[in-house]
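Ready for some practice in reading a protein structure? Take a look at the sequence and the model, then work through the exercises below at your own pace.

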Amino acid sequence: MKTKIKTLALSLGLLLPGLLPAWAAEAPFAIAIHGGAGTISKAALTEEQQKAYRDKLTEAVNAGYKVLDKGGASMEAVQAAIRVLEDSPLFNAGVGAVYTFDGAHELDASIMDGKSMNAGAVAGVKHIRHPIDLARAVMDKSEHVMLSGAGAEEFALTLGMELVPGNRFDSEARYQQLLDAKAKINAAEANKDFQARLSPLDLDYKFGTVGAVALDKQGNLAAGTSTGGMTAKRYGRIGDSPVIGAGTYAENGVCAVSATGHGEYFIRFHVAGDICARAKYQQKSILQAADEVINQRLISAGGSGGVIAIDQRGNVATPFNTEGMYRAWRKSNQAAEVMIWRDN
C-alpha cells in the first residue's frame with residue numbers, strides 16, 4: 001500500500017508540482033560526527049578554546065555534508081569529515097594523537113559500508129597521515145578486514161601511499177599529558193599497589209577518538225572511527241576503534257554507529273553492534289537503543305564513553321555517560337548543530 005501511495009504522489013507531483021511531498025522530492029540524508037568524550041569541564045575550557053573546538057567540528061561536519069548534498073556516497077562523506085579531524089591537533093587522532101609509553105604514536109582506524117557490509121581497519125600504524133584512508137583501502141583493495149603495524153604500512157606502500165615521519169603527529173599538550181601519565185604509572189608501580197597499577201590514570205587518559213556516521217540520498221549508511229588510542233599505552237595495546245562491532249558498525253536499513261570511550265569495555269560489550277542489534281531485532285528507535293547500551297548496560301559494567309548513531313531515516317542519537325562529548329550533526333536542508341555538553 002505504501003508503495004502505491006508513493007507512486008500516486010509522484011505522479012501527482014509531475015502534474016501538480018506544488019503537491020509533491022518533501023520525501024518524494026529528495027530522500028533524507030544526514031551526517032553526525034564526534035571528537036571524543038570525557039571529563040570536559042566548562043570551567044576548564046576558555047571561550048577561545050570552546051570556539052576552536054566548535055569551529056573545527058563545524059568544518060568537519062560540513063565537509064561530510066557537502067559530499068552528501070551533492071549526491072555523494074555516505075562512505076565518502078565519512079572519510080571527508082574524519083580527515084578534517086585527523087588533521088587537527090584538538091583531537092586524539094592523526095595530528096594531536098596521544099603518545100605511547102615509549103613516546104611514539106600508534107594510530108587505529110576503521111570504516112564500514114552498510115550497503116555491502118564490507119569493512120576495513122588498521123591498527124598500530126605510525127606513519128600514515130590519514131589512517132581512515134588506509135582503512136578504506138584495506139576494505140576496497142585487499143581481501144582482509146584488518147591490518148596492523150608494519151604490515152599495514154607495507155600494504156600502504158604497495159598502493160603508492162606516502163608515509164610521513166612519526167613526529168608529524170607530535171604536540172606539546174599531548175607530550176605533557178604523557179609525562180603526567182608516566183609519573184602516575186611509575187608511582188603506582190613503585191608502591192607495588194596492584195589495583196593502582198591496573199588503573200592509575202584518570203579517564204581522560206584512557207580515551208579520545210574521532211568518528212563519523214552518515215546516511216546518503218541513496219539510503220546507504222556508513223560509519224568510521226579513528227584514534228590515537230590511550231595515553232601511555234604499552235605492549236601494542238589496541239582499543240575498540242578498529243574493531244568492527246565494537247567501535248564501528250553500519251548496516252543498511254538499520255543504523256550506523258561510531259563509538260568513543262574506554263575501549264576495553266566497548267570491545268567486551270560489542271557496543272556498536274549491540275545498538276544496531278537492538279534496533280534491528282527489538283524494533284527499538286535509534287535513540288532508545290543507543291541510550292540503553294550507553295547509559296544502562298555500559299554504566300552497570302563500569303564503562304565510560306559515548307556514541308554517535310544514525311538510522312535509515314536520518315534520525316541521530318548522541319548519548320554519552322561522561323561530562324561531555326564533542327559532537328555535531330547536520331541533516332538535509334538544515335544548519336549544523338554543534339554541542340560539547342548536554343545542554344549546548
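A disulfide is a pair of cysteine sulfur atoms within 2.5 Å. Keep in mind that this is a predicted model.

**Exercise 1. The disulfide**

Task: Find how many disulfides the structure holds, and say which residues a disulfide joins.

Solution:
- Step 1. Count the links: the structure holds 1 disulfide.
- Step 2. Name the partners and check the cut-off. Cys255 is joined to Cys276 with an S to S distance of 2.0 Å, and the cut-off asks for sulfur atoms within 2.5 Å.
- Step 3. Place the two cysteines. Cys255 sits in strand E8 (residues 255–261) and Cys276 in helix H10 (residues 271–281), so the pair, 21 residues apart, links distant parts of the chain.
- Step 4. Look at the angle: the link of Cys255 and Cys276 has -130° about the S-S bond and is left-handed.
- Step 5. Check the surroundings: both Cys255 and Cys276 are buried.

**Exercise 2. Salt bridges across the chain**

Task: Work out which parts of the chain are linked by the salt bridge of Lys42 and Asp343.

Solution:
- Step 1. Recall the idea: side chains of opposite charge can pair when their charged atoms come close.
- Step 2. Apply the distance test. The side chains of Lys42 and Asp343 meet at 3.1 Å, N to O, and a salt bridge needs these atoms within 4 Å.
- Step 3. Locate both ends. Lys42 is in the loop between strand E1 (30–38) and helix H3 (47–69), while Asp343 is in the segment after strand E12 (337–339); they are 301 residues apart.
- Step 4. Compare with the accessibility classes. Lys42 is partly exposed because its relative accessibility is 37%. Asp343, with a relative accessible area of 55%, is exposed.
- Step 5. Try another pair. Asp87 forms a salt bridge with Arg129, their closest N and O atoms being 3.1 Å apart. Asp87 lies in the loop between helix H4 (74–86) and strand E2 (107–113), and Arg129 in the loop between strand E3 (119–125) and helix H5 (131–141), so this pair ties together parts that are 42 residues apart in sequence.

**Exercise 3. A salt bridge within a helix**

Task: Explain how Lys56 and Glu59 are placed in helix H3.

Solution:
- Step 1. Start with the contact: the side chains of Lys56 and Glu59 meet in a salt bridge at 2.9 Å, N to O.
- Step 2. Use the spacing. Lys56 and Glu59 are separated by about one helical turn because they are 3 residues apart in helix H3.
- Step 3. Add accessibility: Lys56 is partly exposed at 22%, and Glu59 is partly exposed at 41%.
- Step 4. Widen the view: the count comes to 16 salt bridges. Asp274, Arg278, Lys284, Glu292 and Arg297 are linked in a network of salt bridges.

**Exercise 4. Around Ser332**

Task: Decide whether Ser332 is buried or exposed, and list what Ser332 touches.

Solution:
- Step 1. Find the residue: Ser332 is in the loop between strand E11 (324–331) and E12.
- Step 2. Ser332 counts as buried because its relative accessibility is 18%, and the cut-off for buried is under 20%.
- Step 3. Leaving out residues up to four places away in sequence, Ser332 touches Glu26, Pro28, Phe29 and Tyr65.
- Step 4. Take one of these partners: Phe29 is 303 residues from Ser332 along the chain, yet their C-alpha atoms are separated by 5.3 Å.

Conventions
Residues are numbered from 1 along each chain as its sequence is written. This is a predicted model: local features need pLDDT of at least 70, side-chain atom pairs count only at pLDDT 80 or more; totals for chains, interfaces and linings use all residues. Side-chain values use heavy atoms; hydrogens and water are left out. Helices (H or I, at least four residues) and strands (E, at least two) are DSSP runs, numbered from the N terminus. Buried means under 20% relative accessible area, exposed over 50%, partly exposed in between (1.4 Å probe, protein chains only). Contact means heavy atoms within 4.5 Å.
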